[in-house]
Amino acid sequence: MIILVFALTALVLSWLVAAFCYRFANVRKGGTPVLLRMLPAVGDAGWRHGVVLYGDLELRYFRLSSVRILADAHFSRHHIEIVGRRKPQAGELEIMPERVSVVDVACRGVKFEIALDRDSLTALQSWIESRPPERTVRRVRR
């Protein structure tokens, strides 16, 4: 019985280490560092550090403090829209530099803000503007 408990414990621990390594590799493989918060938010609260990865059909957000294996949020490329842009406000300057832009984004009724530096903002705008028309994207049968 002791051997079985030890084996199960070792199996669970090895799975957790593998999951952590998988997530760490996903987050580190060329993502763009951002601060993101879901709206509505009160004052300057709710900002989370993370990384976004651009895919063909979606934007995937990985929160740095999360233990989930997969992305913490997915945003469809065909439905994402930049609604507005502003500079960080007084309380936000404690967690982000003044040179970043805070972008208001909407996707299928979900509203959020992303704080990006100038180059990352250009990448986001280019990714959105260069999306193919929705009707030309073929659906994958599963």
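## Strand pairing in the sheet

Two strands are taken to pair if DSSP finds at least two bridges between them. In this predicted model, strand 1 (residues 32-38) and strand 7 (residues 110-116) meet that criterion, pairing in the antiparallel sense over 4 bridges, and L35 has A115 of strand 7 as its bridge partner. The pairing belongs to an open sheet of 7 strands, which are arranged antiparallel in the order 4-3-2-1-7-6-5. Because strand 4 (73-76) and strand 5 (80-86) stand at the edges and each has a single partner strand, one side of each is left without a neighbour in the sheet. From one strand to the next, the twist averages 35 degrees.

## From strand 1 to strand 3

On the other pairing of strand 1, 5 bridges join this strand to strand 2 in an antiparallel arrangement, with V34 standing opposite G50 of strand 2. Strand 2 in turn pairs with strand 3 in the antiparallel sense, again over 5 bridges, and here G50 stands opposite R63 of strand 3. G50 is thus placed opposite V34 in the one pairing and opposite R63 in the other. The connection between strand 2 and strand 3 is a hairpin, which passes through 3 residues.

## Helix 2 and an aromatic pair

Helix 2 (residues 118-129) lies across strand 1, strand 2 (48-54), strand 3 (58-63), strand 4, strand 5, strand 6 (101-107) and strand 7, and the helix runs at about 150 degrees to strand 5.

The structure holds 2 aromatic pairs. One of them is formed by Y54 and W127, whose rings are tilted, with 5.3 Å from centre to centre and 50 degrees between the planes. This pair links distant parts of the chain, since Y54 belongs to strand 2 and W127 to helix 2, with the two residues 73 apart.

## The second largest pocket

The second largest pocket has a volume of about 260 Å³ and is lined by 13 residues, of which F20, R23, F24, L64 and S66 lie nearest its centre. Helix 1 (residues 2-28) supplies the largest share of this lining, namely 7 residues. By residue class, the lining of the second largest pocket divides into 9 nonpolar, 1 polar and 3 charged residues.

Notes: Residues are numbered from 1 along each chain as its sequence is written. This is a predicted model: local features need pLDDT of at least 70, side-chain atom pairs count only at pLDDT 80 or more; totals for chains, interfaces and linings use all residues. Side-chain values use heavy atoms; hydrogens and water are left out. On a 1 Å grid over the protein atoms alone, a cavity is a set of points where a 1.4 Å probe fits but cannot get out, and a pocket is an open set with protein on both sides within 12 Å along at least five of seven lines; lining residues have an atom within 4 Å of a point. Grid points are joined across faces, edges and corners, and a volume is the space filled by probe spheres set on the points. Ala, Val, Leu, Ile, Met, Phe, Trp, Tyr, Cys and Pro count as nonpolar, Asp, Glu, Lys and Arg as charged, and the others, Gly among them, as polar. Axes are lines fitted to C-alpha atoms, for helices over the stretch in contact, and angles run from 0 to 180 degrees between N-to-C directions. Contact means heavy atoms within 4.5 Å. Rings of Phe, Tyr and Trp (its six-membered ring) pair if their centres lie within 6.5 Å; planes under 30 degrees apart count as stacked, over 60 as edge-to-face and the rest as tilted.
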